[in-house]
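Biologist: I'd like to learn how to read a model like this one. Could you walk me through it?

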Amino acid sequence: MKQIILLTTLFLTFGLSVFAQPKTVTDYFLAMPDTEDFPYYRSAETTTKAALIKFRKSLIEVEDIKNGYLKLKGTWNGYAEIALFKKTDGSYLIANLRADCEEGCEGFLSLYSYKNAKWTDVGFDILPRYGDIASEFNKKRPKGAKVVNVAGDDTEGFSFTYDLPKVGKSIKVSCSMCIPTQKDPLDKFYFAEYEWNGAKFVKK
């Protein structure tokens with residue numbers, strides 16, 4: 001009987017540890033699945049869960065638990081950021097940005113909800129449309145920069161990135177490859193800002 005109770009206790013403890021809700025931005029980062037959706041957070045050597053966690057911890061360059069922000073060193077030519085945004089129901093939206101930087105930086109932002117150990121991509125429902133972002137750039141573009149031809153969501157040739165907040169609730173949008181006088185690939189021209197209201201991002 002004691003053995004049955006012990007085994008049951010171990011099973012419950014193990015089960016809770018597996019499905020425990022992450023609490024910090026680092027917890028969410030380490031809980032991200034090892035799938036093709038997160039290819040840049042793994043390596044050929046991460047064949048075990050322990051190795052994967054060790055590898056991911058080695059990528060952390062800035063860790064701000066209080067403000068829910070991580071900056072990660074890229075294993076590619078660029079960087080990544082992860083930030084938490086509190087929702088009205090008390091849960092979190094997890095923002096995951098990967099920036100590829102060659103002549104300039106181009107960002108790929110994904111937004112996720114996490115519930116019952118399941119990740120759901122919700123970015124298409126919450127992020128502003130590409131066409132709206134390009135229109136904002138046309139209004140504020142730097143002198144000498146070309147106007148982006150916007151037809152619906154057709155913004156081909158227009159590269160931009162997002163900056164996740166180290167503090168606060170706003171995502172800033174910038175363009176680096178559109179600066180006529182650009183000398184440094186990391187130089188950015190900021191032209192739009194969207195603030196999280198607990199349900200979606202709204203233009204400031």
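Modeller: We'll go through a sheet, the helix across it, the salt bridges and a disulfide. Keep in mind that this is a predicted model.

Biologist: Let's start with the sheet. In what order do the four strands of the open sheet come?

Modeller: The order is 7-8-9-10, and the pairing is antiparallel. At the edges sit strand 7 and strand 10 (201-203), each pairing on one side only. On average, neighbouring strands here are turned by 35 degrees against each other, direction ignored.

Biologist: How many bridges hold strand 8 to strand 9?

Modeller: Six bridges, in the antiparallel sense, link strand 8 with strand 9 (residues 189-196). You can trace the register yourself: Ser170 has Glu195 as its bridge partner in strand 9, and Val173 has Ala192 there. On the other side, strand 7 (residues 161-163) is joined to strand 8 by three bridges. Look for Thr161, which stands opposite Ser174 of strand 8.

Biologist: What is between strand 7 and strand 8 in their hairpin?

Modeller: Six residues lie between those strands, and in this hairpin Gly168 takes a positive phi near 105 degrees.

Biologist: And is strand 8 mostly covered or mostly open?

Modeller: Strand 8 (residues 170-175) is mostly covered, with five of its six residues buried.

Biologist: Which helix lies across these strands?

Modeller: That's helix 5 (residues 130-140), which lies across strands 7, 8, 9 and 10 and runs at about 135 degrees to strand 9. Its buried residues pack against those four strands. They are Gly131, Ile133, Ala134, Glu136, Phe137 and Asn138.

Biologist: Glu136 catches my eye in that list. Why does Glu136 count as buried?

Modeller: The cut-off for buried is under 20% relative accessible area. Glu136 has 7%, so it counts as buried.

Biologist: What partner does Glu136 have in a salt bridge?

Modeller: The general idea first: side chains of opposite charge can pair when their charged atoms come close. Here, Glu136 forms a salt bridge with Lys203, and the closest N and O atoms are 3.1 Å apart. This pair links distant parts of the chain, with Glu136 in helix 5 and Lys203 in strand 10, 67 residues apart. Both belong to a network of salt bridges with Lys139 and Lys140.

Biologist: How many salt bridges turn up in the whole structure?

Modeller: Six. Another one to find is Lys188 with Asp163, where the closest N and O atoms are 2.9 Å apart. Lys188 is in the loop between strand 8 and strand 9, while Asp163 is in strand 7, 25 residues away. Asp163 is buried at 15% relative accessible area, whereas Lys188 is partly exposed at 23%.

Biologist: Which residue pairs with Glu193?

Modeller: Lys204 does, with 3.7 Å between the closest N and O atoms. Glu193 belongs to strand 9 and Lys204 to the segment after strand 10, eleven residues apart. Lys204 is exposed, with a relative accessible area of 57%, and Glu193 is partly exposed at 24%.

Biologist: Last stop, the disulfide. Which cysteines form it?

Modeller: Cys101 and Cys105, with their sulfur atoms 2.1 Å apart. The count comes to one disulfide. Its link is right-handed, with 110 degrees about the S-S bond.

Biologist: Is Cys105 buried or exposed?

Modeller: Cys105 is buried, at 0% relative accessibility. Cys101 also counts as buried, at 7%.

Conventions:
Residues are numbered from 1 along each chain as its sequence is written. This is a predicted model: local features need pLDDT of at least 70, side-chain atom pairs count only at pLDDT 80 or more; totals for chains, interfaces and linings use all residues. Side-chain values use heavy atoms; hydrogens and water are left out. Buried means under 20% relative accessible area, exposed over 50%, partly exposed in between (1.4 Å probe, protein chains only). Helices (H or I, at least four residues) and strands (E, at least two) are DSSP runs, numbered from the N terminus. Two strands pair if DSSP finds at least two bridges between them. Axes are lines fitted to C-alpha atoms, for helices over the stretch in contact, and angles run from 0 to 180 degrees between N-to-C directions. Contact means heavy atoms within 4.5 Å. A disulfide is a pair of cysteine sulfur atoms within 2.5 Å. A salt bridge is a side-chain nitrogen of Lys or Arg within 4 Å of a carboxyl oxygen of Asp or Glu.
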